[in-house]
Amino acid sequence: MTQRYPDFIWHNGEIKRWQDATVHVMAHGLHYGSSVFEGIRCYDRPDGPAIFRLEEHVRRLVDSAKIYRMECRFSAEQISRVCVELIAKNGLRAAYLRPIIYRGYENLGVNPIGNPIDIAVAAYPWGMY
């Protein structure tokens, strides 16, 4: 069974088509795990989609990035707005949100300094797990 993904994802400040949001295979985050992420549920409620503890999740994401010495160029408030926007733009009522902050590609050395700090937020349907 093939999963159908939504049309849009947010990547480094832009809404992109799902298939256009890519990461270079030499990204530091891929080779050394220099990334932080959150998993956030959005529930279908009678009054519309409701994202569970969005502010708390995003605050933890941004705080974790700072601890890892990854200065995110987007505020927690901006990331929270993106999460809400993606749910609406993709026409979702119940979904899983995955914001991730990671070190991209500039050099492959163990020292991560100098690699860009990238960010993406995906929202897609995902049932019980």
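This report describes the fold, the surface and selected residues of one predicted protein model.

The model is predicted, local features require pLDDT of at least 70, side-chain atom pairs count only at pLDDT 80 or more, and totals for chains, interfaces and linings use all residues. Residues are numbered from 1 along each chain as its sequence is written, and side-chain values use heavy atoms, with hydrogens and water left out.

**Overall fold**

Three helices and seven strands make up the secondary structure; helices (H or I, at least four residues) and strands (E, at least two) are DSSP runs, numbered from the N terminus. Along the sequence, these elements follow the order β-β-α-β-β-β-α-α-β-β. The C-alpha atoms fill a box of roughly 50 × 35 × 25 Å along the principal axes. For 129 residues, a compact globule would have a radius of gyration near 14 Å, and the value of 15 Å for this protein agrees with that. The radius is taken over C-alpha atoms, and the globule rule is 2.2 Å times the number of residues to the power 0.38.

Contact is defined as heavy atoms within 4.5 Å. Among contacts between residues at least 6 apart in sequence, 67% join residues at least 24 apart.

**Surface and charge**

Of the 129 residues, 39% count as buried. Buried means under 20% relative accessible area, exposed over 50%, and partly exposed in between (1.4 Å probe, protein chains only). The accessible surface comes to about 7900 Å², with 54% belonging to carbon and sulfur atoms; these areas come from the Shrake-Rupley method with a 1.4 Å probe, and for residues only the protein chains shown count as cover.

There are 16 positive and 14 negative side chains, and the centres of the two sets lie 3 Å apart. Lys and Arg count as positive and Asp and Glu as negative, while His and the chain ends are not counted. Each charge is placed at NZ of Lys, CZ of Arg, CG of Asp or CD of Glu.

**Strand β1 and its partners**

In a regular strand the side chains alternate between the two faces of the sheet. Strand β1 (residues 8-11) is covered on both faces: F8 and W10 are buried on one side, and I9 and H11 are buried on the other.

Two strands are taken to pair if DSSP finds at least two bridges between them. β1 pairs with β2 (residues 14-17) in the antiparallel sense over four bridges, and two bridges join β1 to β7 (residues 117-124), again antiparallel. W10 takes part in both pairings: its bridge partner in β2 is I15, and its bridge partner in β7 is V121. β1 and β2 form a hairpin with two residues between them.

**Loop residues**

Three loop residues are compared by location and relative accessibility.

| Residue | Loop | Relative accessibility | Class |
|---|---|---|---|
| N12 | between β1 and β2 | 21% | partly exposed |
| R69 | between α2 (54-67) and α3 (76-89) | 69% | exposed |
| L92 | between α3 and β6 (95-103) | 12% | buried |

N12, in the turn of the hairpin, has a positive phi of about 50° although it is not a glycine. R69 is likewise a residue other than glycine with a positive phi, near 60°.

Leaving aside neighbours within four places in sequence, L92 is in contact with P49, I87, A123, Y124 and P125. By contrast, the C-alpha atoms of L92 and R59, which are 33 residues apart along the chain, are separated by 23 Å.
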